[in-house]
Amino acid sequence: MDMNQKQSKKADTYSSGFYVPDAQQKQHRSSPRMHRRRKGCLTIVLVLALATGSWMWYRSQVTAHGDITPSSLNAPFSILHPISSLEARRTEQATWGAVEAQNPTAMVHELTLEDAFFRRMTTKARQWQVVALATPKQLTAPLDGDLEVTSPFGPREHPVIGQELDHLGIDLVAPLGTSVKAAERGVVAWEGRKWGYGNCIVIRHSTHLASIYGHLSHTNVHVGQSVSKGEAIGLSGSTGFSTGPHLHFEVRRDSTPVNPLPLLASSSGG
Ligand SMILES: [Zn+2]
């Protein structure tokens, strides 16, 4: 009897062209739970795929931009690349001895590495933080009062090495402990020691413009901090390759050093 009923029901169902699950059958009762479980698994797989995809995209960006992966000996320590950073540090330590002994070849090598470092710092580093800011046409002077340039921008005989090298910024008279101001609003991309520059600060003002403040005796900003135009960021000093207290002020447009004076001309008033 039972068998016959089931048989006839099934036949009806199939003949209508649709498959209608039989509510009387026990195995169909667990189906909604199975369905939920399958849904859960699918969500987890999707989330994992999304996370993996995002991570791979991030890594490809980092590799393409080279802002975190140390590509030279002079790269800062990176938590993402501790081994290569340690290797870089070890080699850096080895060259520091020669630099400290003021070996001209070692110093030129160090300056070349630093230039490469600042090129990265002033273009690709933390682009997302400043990408919304417009490139400023004018900058405010990094020091109060009239500016006195002791060493102009361009080729000169390096005061420490004694070789003809390009001066990538301008040197301004600044007694020890003079307050140094941000030339324009932006985000601090680097704060810390770089051999030739001593204690220095790099501020990104936009996608295209950045400024560097060198030989500082004290800094009071940290990486990632937003600073406003004219904000006090540190004190002048004589750290790094320096013969006496002064401020080395450098401006880079798309990583290339440019003469800062024309950018300051109208704001400083001469
Ligand atoms: Zn200088």
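Let's start with Ile201 and the residues around it. Leaving aside anything up to four places away in sequence, Ile201 touches Val188, Trp190 and Glu191. Its other partners on that count are Tyr213, Leu216, Thr219, Val221, Ile233 and Gly234. One thing to keep in mind as we go: this is a predicted model.

So where does Ile201 sit in the bigger picture? It belongs to the largest nonpolar core, a set of 34 residues. Ile201 is among the members that touch the most others there, along with Ala189, Cys200, Val202, Ile203 and Tyr213. Which elements give two or more residues to this core? On the helix side, they are H4 (104-123) and H6 (261-268). On the strand side, they are E4 (170-173), E6 (186-194), E7 (198-204), E8 (209-216) and E12 (246-253). The largest share comes from E8, with 5 residues.

Now let's step back to the protein as a whole. It has 270 residues, and 28% of them count as buried. Its secondary structure comes to 6 helices and 13 strands. If we take the contacts with a separation of 6 or more, 62% of them are between residues 24 or more positions apart.

Last stop, a hairpin. Strand E2 (residues 154-157) and strand E3 (residues 164-167) run antiparallel, and 4 bridges join them. Glu157 stands opposite Glu164 of E3. Between the two strands there are 6 residues, and in this hairpin Gly162 takes a positive phi near 80°.

That's my tour; do have a look at Ile201 and its partners, Tyr213 among them, on the screen.

How values were computed: Residues numbered from 1 in each chain as written. Predicted model: local features only at pLDDT ≥ 70, side-chain atom pairs only at ≥ 80, totals over all residues. Pairing = 2+ DSSP bridges. Buried ≥ 20, exposed ≤ 12 C-beta atoms within 10 Å, placed from the backbone. Contact = placed C-beta atoms within 7 Å. Core = buried A, V, L, I, M, F, W, Y, C linked by C-beta atoms within 7 Å.
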